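Q: Please take a close look at a single part of this model, with attention to burial, contacts and backbone geometry, and set the answer out as one connected account.

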Amino acid sequence: MKKLTLMACLLATGTAACAQMADTRKAPVAATPYAKSITAAGLKKHLYIIAADDMQGRETGTAGQYKAAKYITEQFKRVGLQPGAGNGEWEQPFVLYMDTLTNATITVSGKTFEFGKDFYNSLRDNKNQELAQTGVVFAGYGTVTDTADSYKGIDANDKIVLLAEARLGAGEQKDRLRAAANKGARAVFMVNSNLPGISRAGSRLRRTGLYFGDMMSTMEFIPNVYFISPELASAILGKPYSSIAEGLKAGGPVPAAAGKIDGLAYQKGQSEIKSSNVLGILPGTDKKDEYVFVTAHYDHIGVINGEVHNGADDDGSGTVAVIAMAEAFMKAKKAGKGPRRSIVFMTVSGEEKGLLGSKYYTDHPIYPLANTVSDLNIDMIGRIDPEHEKDSNYVYIIGDNKLSSDLRPISEAANRLVGLDLDYKYNDPNDPNRFYYRSDHYMFAQHRIPIIFYFNGVHADYHGANDTPDKISYPMLAKRAQLVFYTAWEVANRPDRLKVDRNEK
Ligand SMILES: [Zn+2]
């Protein structure tokens, strides 16, 4: 469908469509001198600092991230924002945890089997465990239902239950672990013939991702499970595992097999990681108790195999856009044109670890979520994706119509002052990329706060070592940042706050 143009409107004078058109055509022209102060050169200067090698890829919980936080704070101070994290602070601190495996071995007949090679499990879902010599019983697939019981005639009490290889969903697996627990098992060994494939994950198997202290593992009350190779199973049972598996018929009796281990050690340590969101606020005038958020994540993925991943586009581009917008709004403020609503400029960390900083903020909001009008979130706006190589004058707009019918008309009116092609492709709920769920705005959307996610799409250097500042299209970065600025201006200054009248996926 084509957009209704001004000419179509003029030709159709007097129609309802035209009246609506006239209403939505109000672009925030008063913002223009300030929007124009967001320049390619200014953004470039900041981005060469934020995405420099000495920021070490800004990984959450590292010195590079702390350095970036310091730089952003300095910029917020310089342009004249007020500390936005409460109590005169610029940073909202939060603590994350990571578990690292320190010792994990299974000994059978004097031979030591190793974690990552002969067996593995998920560090998040399993507890420290130490077993001396312990009996092992084979219990087939370990199913217990109203009509079937794999444990018939098997005493699993105080033993390790060894289960045959099966492709299980998370729910089914949990059911079998629970059944083993009910039978008194101390641990469960599940055969997995894909150990060589899994071991390629290398050291990543030996640590968890970052998590909050109050994030419970879903397996908390279930015995430890270890996925073991068929070779380890054979060693334990004293005969080839394959011969036992062959005897396993659906619904039939479980072939008798048992053995023991000499011992098992499974120990992990927990480390504490400190991180923060950086916030500056420009207090509004007559509607200062309503808040408009402009966000980007300042963390990236750090140093991998000795290579700094600079994250110039992801999300250095959003970070410097937030800084430049703060400066432009402060220029307007100094000229007596400050926003009616308060504007909070927030750069979060932990995004690359699972939207952790924005989750922390929305779980511990500094400004009431009920008075938070909107979040305009910028994540990657400095590059051109392969689909737009021929015509690079675009930005993807995601989520603008999900919660409020006001936001798209405002965004499109703002864009008349910028002239980008607004590409809604990824706003389609059926798009397999599911970008709507993949950046920080989503944490706000979950609280029914209307959002827009600005995005340039993925490209060959996405999460690669070549996402560097020299690859950025600075004129496009400036244009996209100006679009966000005009939109924020209108949302912060319009008489009515955005209504929340939609509920789209
Ligand atoms: Zn990323």
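A: A residue counts as buried when its relative accessible area is under 20%, and as exposed when that area is over 50%. In this predicted model, Arg-58 has a relative accessibility of 1% and therefore counts as buried; its place is in the loop between H4 and H5. Most residues other than glycine have a negative phi, whereas phi of Arg-58 is near 50 degrees, a positive value.

Arg-58 is also one of the residues in contact with Gln-65, once the neighbours of Gln-65 within four places in sequence are left aside, and that list further includes Met-55, Glu-59, Thr-60, Lys-274, Ser-275, Ser-276, Tyr-298 and Ser-349. Gln-65 itself belongs to helix H5, which spans residues 63–79, and with a relative accessible area of 0% Gln-65 is buried. With Tyr-298 there is a polar contact, made between the two side chains at 2.9 Å.

On the other side of the loop, the axis of helix H4 (residues 40–50) comes within 8 Å of the axis of helix H14 (residues 474–493), and the two cross at roughly 105 degrees, so H4 and H14 are roughly perpendicular to each other. From H4 the contact draws on Ala-40, Leu-43, Lys-44, Leu-47 and Tyr-48, and from H14 on Tyr-474, Pro-475, Leu-477 and Ala-478. Sorted by class, this contact of H4 with H14 has 8 nonpolar residues, 1 charged residue and no polar ones.

Methods. Residues are numbered from 1 along each chain as its sequence is written. This is a predicted model: local features need pLDDT of at least 70, side-chain atom pairs count only at pLDDT 80 or more; totals for chains, interfaces and linings use all residues. Side-chain values use heavy atoms; hydrogens and water are left out. Axes are lines fitted to C-alpha atoms, for helices over the stretch in contact, and angles run from 0 to 180 degrees between N-to-C directions. Helices (H or I, at least four residues) and strands (E, at least two) are DSSP runs, numbered from the N terminus. Angles under 35 degrees count as roughly parallel, over 145 as roughly antiparallel, 65 to 115 as roughly perpendicular and the rest as oblique. Contact means heavy atoms within 4.5 Å. Ala, Val, Leu, Ile, Met, Phe, Trp, Tyr, Cys and Pro count as nonpolar, Asp, Glu, Lys and Arg as charged, and the others, Gly among them, as polar. Buried means under 20% relative accessible area, exposed over 50%, partly exposed in between (1.4 Å probe, protein chains only). A polar contact is a pair of N or O atoms within 3.5 Å; within protein, one must be able to donate a hydrogen and the other to accept it, and residues adjacent in sequence count only if both atoms are side-chain atoms.
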